[in-house]
Amino acid sequence: MNGIWAIDAWCNPFDERGIRDIFIDNEEVYFMMGEQWGRTGNMKSFTVPEFVARMDALEIQAVACPSLKQATFRKRAMAVDIEHEHIASLIEQAPDRVIGMAGIDPLSGMAGVRHLERAVREYGFKAAHVHPFGWGLPLNSREWWPFYTKAAELDIPVLFQAGHSAEFMPSACGKPILLDDIAIWFPELNLVGAHTGWPWCEEMIAMAWKHPNVYIATSGHAPKYWDPKLVRFLNARGRGIGKVCWGTDYPLIDHAEGLSQIAEYDLKPEAVQSLLRDVAVKLFKLDPNWTPPASAGSSASLAAAE
């Protein structure tokens with residue numbers, strides 16, 4: 001987009017396994033996306049080379065994929081359990097284009113903490129990922145704190161689904177105000193409230209405005225539906241510029257769709273640069289001098305994006 005190679009802060013694993021487990025075979029997600037929102041046409045899977053070709057065509061440098069750990073609240077069981085090793089296999093095929101985020105099972109205790117450390121030190125993951133709703137555990141519950149401690153020690157950010165749950169799970173577990181406690185006790189730990197915090201966008205903005213270590217990701221909501229207060233914030237010098245990063249929650253939002261809708265906003269150039277790239281480079285500690293592949297924009301990559 002305008003020569004800015006974007007970084008997606010939350011893109012679900014796009015291969016056949018990821019799309020099937022998270023969206024197609026996940027009863028509650030499929031009901032919400034399919035029957036309620038009519039987004040079943042988005043549920044397309046790709047091989048890694050196919051997806052990278054799409055990224056090249058759309059000028060996307062990297063996508064951050066979680067090894068999602070999602071529980072089903074009513075059934076008290078795991079709904080999605082993508083192994084860290086599965087995301088590591090995607091990274092291995094495209095090491096500078098796929099970013100690993102280690103999903104957290106809050107009931108896994110110290111074994112889970114050690115697994116998080118292994119994901120970072122051995123597989124090169126660059127973040128941790130929290131989906132709190134199905135566990136019925138608010139973001140600031142004590143079960144999460146050993147993982148926050150380890151993430152702070154490893155110097156990686158934690159990305160949260162903040163805001164409501166679209167599934168039949170208790171939404172209050174993801175209220176953005178809960179990040180207040182974590183930010184106070186872990187000032188060295190970068191916290192990213194994803195999905196814009198909706199419907200509590202003002203809470204999410206307040207946390208990002210208050211705490212130097214709290215950021216917002218726009219995943220899960222098409223740009224044309226972003227809360228006007230969030231748009232004003234991310235476009236404001238000295239306030240939101242440098243505090244908000246782009247995300248899609250692919251396949252919920254297609255990358256081409258999201259980028260085209262952002263282009264329709266009258267945003268300051270520095271706000272677009274920050275939103276699409278600079279904040280993510282900082283959070284994930286990416287090379288700011290990364291060079292696009294020579295094949296970018298080729299007929300093959302353009303065909304893959306269509």
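This dialogue goes through backbone geometry, strand pairing and one pocket in a predicted model.

Student: Which residues depart from the usual backbone geometry, and what is usual?

Tutor: Most residues other than glycine have a negative phi, and most peptide bonds are trans. In this model a cis peptide bond joins Trp 198 and Pro 199, with omega about 10 degrees. Another cis peptide bond joins Tyr 250 and Pro 251, where omega is also about 10 degrees.

Student: Where does Pro 199 lie, and where does Pro 251 lie?

Tutor: Pro 199 is in the loop between β8 (191-194) and α8 (201-210). Pro 251 is in the loop between β10 (244-245) and α10 (255-263).

Student: What is the phi of Asp 155, and what is the phi of Asp 249?

Tutor: Asp 155 has a phi near 60 degrees, a positive value in a residue other than glycine. The phi of Asp 249 is likewise near 60 degrees and positive. Asp 155 comes just after α6, in the loop that leads from α6 (145-154) to β7 (158-161). Asp 249 is in the loop between β10 and α10, the loop that also holds Pro 251.

Student: Is Asp 155 buried, partly exposed or exposed, and what of Asp 249?

Tutor: The cut-off for buried is under 20% relative accessible area, and for exposed over 50%. Asp 155 has 43%, so Asp 155 is partly exposed. Asp 249 has 9%, so Asp 249 is buried.

Student: Which residues of α6 are buried, and what do they pack against?

Tutor: The buried residues of α6 are Phe 147, Tyr 148, Lys 150, Ala 151, Ala 152 and Leu 154. They pack against α5 (109-121), β6 (127-130), β7 and α7 (179-185).

Student: How should I read the strands around α6?

Tutor: Take the pairing, then the crossover. β6 and β7 pair in the parallel sense over 3 bridges, and Val 130 stands opposite Phe 160 in β7. With α6 included, β6, α6 and β7 make a right-handed β-α-β unit. On to β8: β7 and β8 run parallel and are joined by 4 bridges, with Val 158 opposite Leu 191 in β8. Here β7, α7 and β8 make a right-handed β-α-β unit.

Student: Which way do the side chains of β7 point?

Tutor: Val 158 and Phe 160 point one way, while Leu 159 and Gln 161 point the other way. All four are buried.

Student: What does Thr 196 touch, leaving out residues up to four places away in sequence?

Tutor: Thr 196 touches Cys 201, Met 204, Ile 216, Ala 217, Thr 218, Ser 219, His 221, Trp 226 and Leu 230. Thr 196 is found in the loop between β8 and α8, the loop that also contains Pro 199. The relative accessible area of Thr 196 is 5%, so Thr 196 is buried.

Student: How is empty space found, and what lines the second largest pocket?

Tutor: Rolling a probe the size of a water molecule over the atoms shows where empty space is left. The second largest pocket has a volume of about 160 Å³. Its lining residues include Asp 25, Glu 27, Thr 72, Arg 74, Met 78 and Phe 168. By class, the lining has 4 nonpolar, 2 polar and 5 charged residues.

Student: Which element supplies the largest share of that lining?

Tutor: β4 does, with 3 residues. α2 (27-36) and β4 (77-81) each supply at least two residues.

Conventions
Residues numbered from 1 in each chain as written. Predicted model: local features only at pLDDT ≥ 70, side-chain atom pairs only at ≥ 80, totals over all residues. Heavy atoms only, no water. 1 Å grid on protein atoms, 1.4 Å probe; cavity = no way out; pocket = protein on both sides within 12 Å on 5 of 7 lines; lining within 4 Å. Points joined across faces, edges and corners; volume = space filled by probe spheres on them. Nonpolar A, V, L, I, M, F, W, Y, C, P; charged D, E, K, R; others polar. Buried < 20%, exposed > 50% of the residue type's maximum accessible area, 1.4 Å probe, protein only. Contact = heavy atoms within 4.5 Å. Pairing = 2+ DSSP bridges. Right-handed = clockwise from strand over helix to strand, strands pointing away.
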